[in-house]
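Grab a coffee and open the viewer. Below are a few exercises to work through, each with a solution that goes step by step.

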Amino acid sequence: MTMDDLKTILDRIRRPLSFASRDNFAHLHSLAALEPFMRVQVEELKRMANGREEIAEIEKLFNGFDRLSPDEKKHRIVRAGALINLLERARSESPVAPVRTSAPIHLTSEPSLRLDTPIQYCKGIGPKRAEMLQKLGISTVEDALAYLPWRYEDRGNLKKIGGLSYGSYETVSGEVVSAEVVSTKRQRVKIFELLITDKSGMLIGSWFNQAFMQKMFRKGQKVILSGIVKANPYKGGLPQIDNPDYEIMDDTEPDSLIHTGRTVPIYRTTSGLSVRYLRSMLKAILDSCAASVHEMLPEEIVKKYSLMPVPDAYFEVHFPSQEKDIARLNRGMSPAHRRLSFEELFVLELGLALRKRGTIAEKKGISFKPLDSLEKALRKNLPFTLTRAQERVIAEIKRDMIAERPMNRLVQGDVGCGKTVVALVASLLAVENGYQACIMAPTEILAEQHYKNMSALAGPLGLAVRSLTGSHRKKEKEAVLAEIESGSAQIVVGTHALIEAQVKFKRLGLAVIDEQHRFGVLQRSTLTSKGYEPDVLVMTATPIPRTLALTVYGDLDVSVIDEMPPGRSPIITRLFFESKRAEAYQFIESELAKGRQVYVVYPLVEETEKSDLKAATEMAAHMQKDIFPHWKIGLLHGRMKGQEKESIMTSFKAGEIRILVSTTVIEVGVDVPNAAVMVIEHPERFGLAQLHQLRGRVGRGGHQSYCILMGPRMFAPEARERLTAFSRTNDGFKIAEEDLRLRGPGEFFGTRQSGLPDLRAANIIRDADLVEQARSEAFDLIQQDPVLTGYPKLRELVRRKWQGKLGLINVG
């Protein structure tokens, strides 16, 4: 390293510190993620001048910096400034010995950016733009590289102006004839017009209220314009493009065009950031950091699947030059996309493989004895026979519980397939072996329902079933906590209150978690830590296609209850538009007259959205007063206290309330056999899986049941497609496949909630073949090298991507 290199690093450190301290530290609050940035710079300093006390002190100053109070930050910034000045003086007095044998590769005159560099410290960005970029999920250089285009446009097919088609998206190249700002009749409204020619004709480029652009163009310049062509009636029918994308060709090599004259990436934007800006930013970052992008995958895997080198893949995915098929690019199926998708999935599967290995190999669980007297007693009392699917899943669970390793099993099955009984059989095996079992549900209503069902079935067997939720009174709660700690509470049903610190089980042997995707996986681990490696049974009524189940629950074995209890009629689903609302109400009236009950559900995006809550409240009042005055109507929403909700649900179950107007708090697991009509307002706001859950609230008795979708006057085409698909089938697995196809896995299964690293390039459905390949390779690699000792870069990548996501992975 030269003295100049040291100066570059010192300047890089000084820049954010000077910015923060300007105007008496007025910009201190804008410093984001300074700690990781400084860590990187200090490492560079150590490589160049290790042993100097100033560097060691700078390192200490920025340890834990981001969590400090403003006053402490100010003090440390001032001290760091003084140390940088000392290092500067030392640099000018004695040259620093070079450490590296060759200079780093730079693709531009800019210093090579590291992947963990915070985005605000990249040239031309700064804190304000960094704040906007954060809305797009871009905080570091690595995030920017992973921010892939959502589509591509072919702007490389240059047409002659004389041969343009009106109404088509075209790209032309020509010479500037004139650049003028034209005034209009409207006050303060001006139009910038660029007239160009290519000898076959003339074309106008027109920009509304962009007078400043006149300074950018001059006569005789070569330019490329892209956009939709129309005829200008005031200029003799000359072809015109409004607000075209443009590229000025002077001093520009053809292969460095980025906005037009090639296949162009289109990025999703946010307020204050244009697609053009993002394109320029990505090009600058790519040019500056290609040298920092290292191959992370094992060489043998890269060769086996003929994967493109990773720096090339990033260039190709952002600015394609090799792939000419636009449709293939837009489907995310180009070799560059597939390369990046494979790496993402491989890292995902490595994390899951490590976790599963930790669960199986390193931990010894409870080996339950195959006792079954409680189960036999339960079966005698059941008013129904279990289905073959239930019997198969019970056998799989018993096999796991008898084994020495801890059970980690997912039971998935459609709404109403009988998962509760399966969970109870597992709980009885634990209790008969002298252990406790607990069932955690996502809502108080569902926990209460599980409690009542479990009590009704397990109570006659002489077992103590207890309930623990957040709404319990203090004395009541203390009494239940004492029973849990003494072990006299054998089966405990509750909400997230079960994972609170004061809950101490005497001997927890089985943890059943219902509707897993409502809980972060960290909550799952908190619950299981209440016992010594208890067995874990996760239940979900959200049918998940196999590929997604393997990925989202990669550390679990999967069981499927794919058979419904006999005698259930399929629910008839009908789509009504606003104009047919009166007809829908007539139908509801006829069902009420038969003695049935009705749900009316409103979408509530967040329980805090007052306007939606107001709409549901007003609808309940309007229905009671004007539509169904003879029937009692109740209202249920998430802001109600537990007792209020319980009272409403009790009245509805008892048949006193005939119509229940509700927000989506009834989505999961509520069981009222007499409810035969589910009315869903604004169904276009729900995902298919959610609609399916809501529809599953009816059809639980012997009556024919109906689901009525009350659509708005106008539908977006995608919403119509979704709702038509929903109306066609009652099969939850088919609906899940369709939902995934239409919305993609991120939205379908909120990966942020599920505790998985975000997928930027990969799509679990589209890339199902890559999921299988990546899974197979990852599990093989962990089998051979359990802590990735031979792959330090890959190990670091896995640690970074999974960091804080599961809290359960320990790599090396």
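## Exercise 1: A strand in the middle of things

I572 sits opposite Y706 of β22. Keep in mind throughout that this is a predicted model.

**Task.** Work out which strands pair with β22 and how it sits in its sheet.

**Solution.**

Step 1. Start with β17: it is joined to β22 by 6 bridges, and the two run parallel. The I572 and Y706 pairing just mentioned is where to look.

Step 2. Now go to the other neighbour. Strand β21 (residues 675-681) is tied to β22 (residues 706-711) by 5 bridges, again in parallel. Here M678 faces C707, and V679 faces I708.

Step 3. How does the chain get from β21 to β22? The path goes through α22, and this β-α-β crossover is right-handed.

Step 4. Zoom out to the sheet. It is open, has 6 strands with parallel pairing, and reads β17-β22-β21-β18-β20-β19. Strands in a sheet pair through backbone hydrogen bonds. β17 (572-577) and β19 (633-636) each have a single partner strand, so one side of each has no neighbour in the sheet. On average, neighbouring strands here are turned by 20° against each other, direction ignored.

## Exercise 2: Buried or exposed?

**Task.** Decide whether the residues of β22 are buried or exposed, one face at a time.

**Solution.**

Step 1. Recall that side chains in a regular strand alternate between the two faces of the sheet.

Step 2. Sort the residues by side. Y706, I708 and M710 are on one side, C707, L709 and G711 are on the other, and all are buried. The cut-off for buried is under 20% relative accessible area.

Step 3. Put the sides together: 6 of the 6 residues of β22 are buried, so the strand is largely enclosed by the rest of the structure.

Step 4. Look for a helix that lies over the sheet. Helix α19 (residues 581-593) lies across β17, β18 (597-601), β20 (659-662), β21 and β22, and it runs at about 155° to β22.

## Exercise 3: Two helices that cross

**Task.** Describe how α22 and α23 pack, and say which residues meet.

**Solution.**

Step 1. Get the geometry. Helix α22 (residues 688-695) packs on helix α23 (residues 717-728) at about 35°, and their axes are 10 Å apart.

Step 2. Add the handedness: the crossing of α22 past α23 is right-handed.

Step 3. List the side that α22 brings, namely L688, L691, H692 and R695, and what they meet in α23, namely R722, L723 and F726.

Step 4. Sort that contact by class: 4 nonpolar, 1 polar and 2 charged residues.

## Exercise 4: The other sheet

**Task.** Trace the strand order of the 7-strand sheet and find the helices that pack on it.

**Solution.**

Step 1. Write down the order: β12-β13-β11-β14-β15-β10-β16, an open sheet with parallel pairing.

Step 2. Find the edges. β12 (465-468) and β16 (557-561) each pair on one side only. From one strand to the next, the twist averages 20°.

Step 3. Check one inner pair. β10 (residues 408-413) and β15 (residues 535-540) run parallel, joined by 5 bridges, and N408 has V536 as its bridge partner in β15. On the sheet you'll also find helix α13 (residues 388-402), which touches β10, β14 (508-514), β15 and β16, with its direction at about 155° to that of β16.

Step 4. Move to the β12 end. β12 and β13 pair in the parallel sense over 4 bridges, with V465 opposite I491. The chain goes from β12 through α16 to β13 in a right-handed β-α-β crossover. Helix α16 (residues 474-486) lies across β11 (436-440), β12 and β13 (491-494), at about 130° to β12.

## Exercise 5: One alanine, then the whole protein

**Task.** Say where A144 sits and what it is in contact with, then zoom out.

**Solution.**

Step 1. Place it: A144 belongs to helix α6 (residues 141-146).

Step 2. Check its exposure. The relative accessible area of A144 is 0%, so it counts as buried.

Step 3. Look past its neighbours within four places in sequence: A144 is in contact with I119, I138, M281, L282, I285 and H318.

Step 4. Now the overall picture. The protein has 27 helices and 22 strands, and 53% of its 812 residues are buried.

Terms used: Residues numbered from 1 in each chain as written. Predicted model: local features only at pLDDT ≥ 70, side-chain atom pairs only at ≥ 80, totals over all residues. Heavy atoms only, no water. Axes fitted to C-alpha atoms, helices over the stretch in contact; angles between N-to-C directions. Left-handed = near helix turned anticlockwise from the far one by under 90°. Contact = heavy atoms within 4.5 Å. Nonpolar A, V, L, I, M, F, W, Y, C, P; charged D, E, K, R; others polar. Pairing = 2+ DSSP bridges. Buried < 20%, exposed > 50% of the residue type's maximum accessible area, 1.4 Å probe, protein only. Right-handed = clockwise from strand over helix to strand, strands pointing away.
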